[in-house]
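The exercises below are to be worked through with the sequence and the coordinates at hand. Each task is followed by a solution that goes step by step.

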Amino acid sequence: MENFNNFNYSRWTLFNAIGWLIGIVLIFGIAIIGEISGIGPKDSQCIIGIGIGAGVGLMQWQFLKVYFSFPSAWFWFSFLGFSTVYILFDILSVFLPLKPETSLPFASLIGAAFSGYLQSHYILQKRFSNSWAWIFVNAGVWLFVHLLTSVLYLFNSSNFFNQRKTFQLVLAFVYLLIGGPIIGLLSGKYFKNLKGKE
């Protein structure tokens with residue numbers, strides 16, 4: 001029976017952290033290209049889903065490919081799940097008064113649930129008995145990370161403790177980067193308990 005007893009928790013967390021960082025770089029890169037070329041609406045939020053979904057999905061697959069021979073579909077399902085939902089929310093914002101601070105957590109929740117469903121149904125289900133739980137784990141972890149980083153960033157921006165500007169910038173950068181490690185730590189518990197089909 002296949003299992004994840006030898007699952008490397010620290011390496012999984014590291015890979016998620018790197019993926020998050022890649023996602024941030026992609027977001028800024030796409031935003032700069034869009035600004036220079038004039039392509040896309042200025043208030044578009046879909047680059048967040050595209051960047052983070054691609055970055056984290058890529059590094060999760062790199063880990064799962066090496067240790068458990070997962071197919072590249074893991075990456076594509078992450079990328080498609082997040083980018084599709086974020087693009088849909090962008091389209092809806094044209095017709096509805098959606099504010100990013102309230103709509104983006106839902107976009108993260110639904111995007112993670114959608115990508116989790118695709119990964120669970122087409123990859124995990126073939127090999128593991130409790131694959132369906134990944135849908136809820138993935139969605140819950142991403143929602144928690146989105147809300148946590150948003151609250152910390154806004155709290156820091158308000159300068160509640162009257163920090164120096166330099167210290168504020170350092171904290172803002174730290175808050176921006178903690179998402180990946182948290183995703184790795186929380187989602188790793190699921191993989192640690194994953195059991196193969198007999």
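**Exercise 1.** Locate Q125 in this predicted model, and decide whether Q125 is buried, partly exposed or exposed.

*Solution.* Q125 lies in the loop between α4 (100-122) and α5 (133-157). The next step is the relative accessible area of Q125, which is 35%. Since buried means under 20% and exposed means over 50%, Q125 is partly exposed. To place Q125 with respect to a residue elsewhere in the sequence, take G196, which is 71 residues apart from Q125 along the chain, while the C-alpha atoms of the two are separated by 9.4 Å.

**Exercise 2.** Determine how the axes of α2 and α3 are arranged, and which residues make the contact.

*Solution.* Two packed helices are described by the angle between their axes and by the distance between the axes. For helix α2 (residues 46-68) and helix α3 (residues 73-95), the axes come within 7 Å and cross at roughly 170 degrees. Angles over 145 degrees count as roughly antiparallel, and α2 and α3 are therefore roughly antiparallel to each other. The contact is made on the α2 side by residues including C46, I50, G57, W61 and L64, and on the α3 side by residues including W74, F79, F82, Y86 and D90. Sorted by class, the residues of this contact are 13 nonpolar, six polar and one charged.

**Exercise 3.** Check the lengths of α2 and α1 against the span expected at 1.5 Å a residue.

*Solution.* The 23 residues of α2 should span 33 Å, and because the end C-alpha atoms of α2 are 31 Å apart, the two values agree. Just beyond, α2 is followed by S69, whose phi is positive, near 60 degrees. Helix α1 (residues 9-37) has 29 residues and reaches 42 Å from its first C-alpha to its last, close to the expected 42 Å.

**Exercise 4.** Describe the crossing of α1 and α7, and state which residues of α1 are buried.

*Solution.* The axes of α1 and helix α7 (residues 179-192) come within 7 Å and cross at roughly 140 degrees, which makes α1 oblique to α7. The crossing is right-handed. In the contact, Y9, W12, T13, N16, A17 and W20 of α1 meet residues of α7, among them P181, I183, L185, K189 and F191. This contact has eight nonpolar, seven polar and one charged residues. As for burial, the buried residues of α1 are W12, T13, F15, N16, G19, W20, G23, I24, I27 and G34.

Conventions:
Residues numbered from 1 in each chain as written. Predicted model: local features only at pLDDT ≥ 70, side-chain atom pairs only at ≥ 80, totals over all residues. Heavy atoms only, no water. Axes fitted to C-alpha atoms, helices over the stretch in contact; angles between N-to-C directions. Helix = DSSP H or I, 4+ residues; strand = E, 2+ residues; numbered from the N terminus. Parallel < 35°, antiparallel > 145°, perpendicular 65-115°, else oblique. Contact = heavy atoms within 4.5 Å. Nonpolar A, V, L, I, M, F, W, Y, C, P; charged D, E, K, R; others polar. Expected span 1.5 Å × (residues − 1). Buried < 20%, exposed > 50% of the residue type's maximum accessible area, 1.4 Å probe, protein only. Left-handed = near helix turned anticlockwise from the far one by under 90°.
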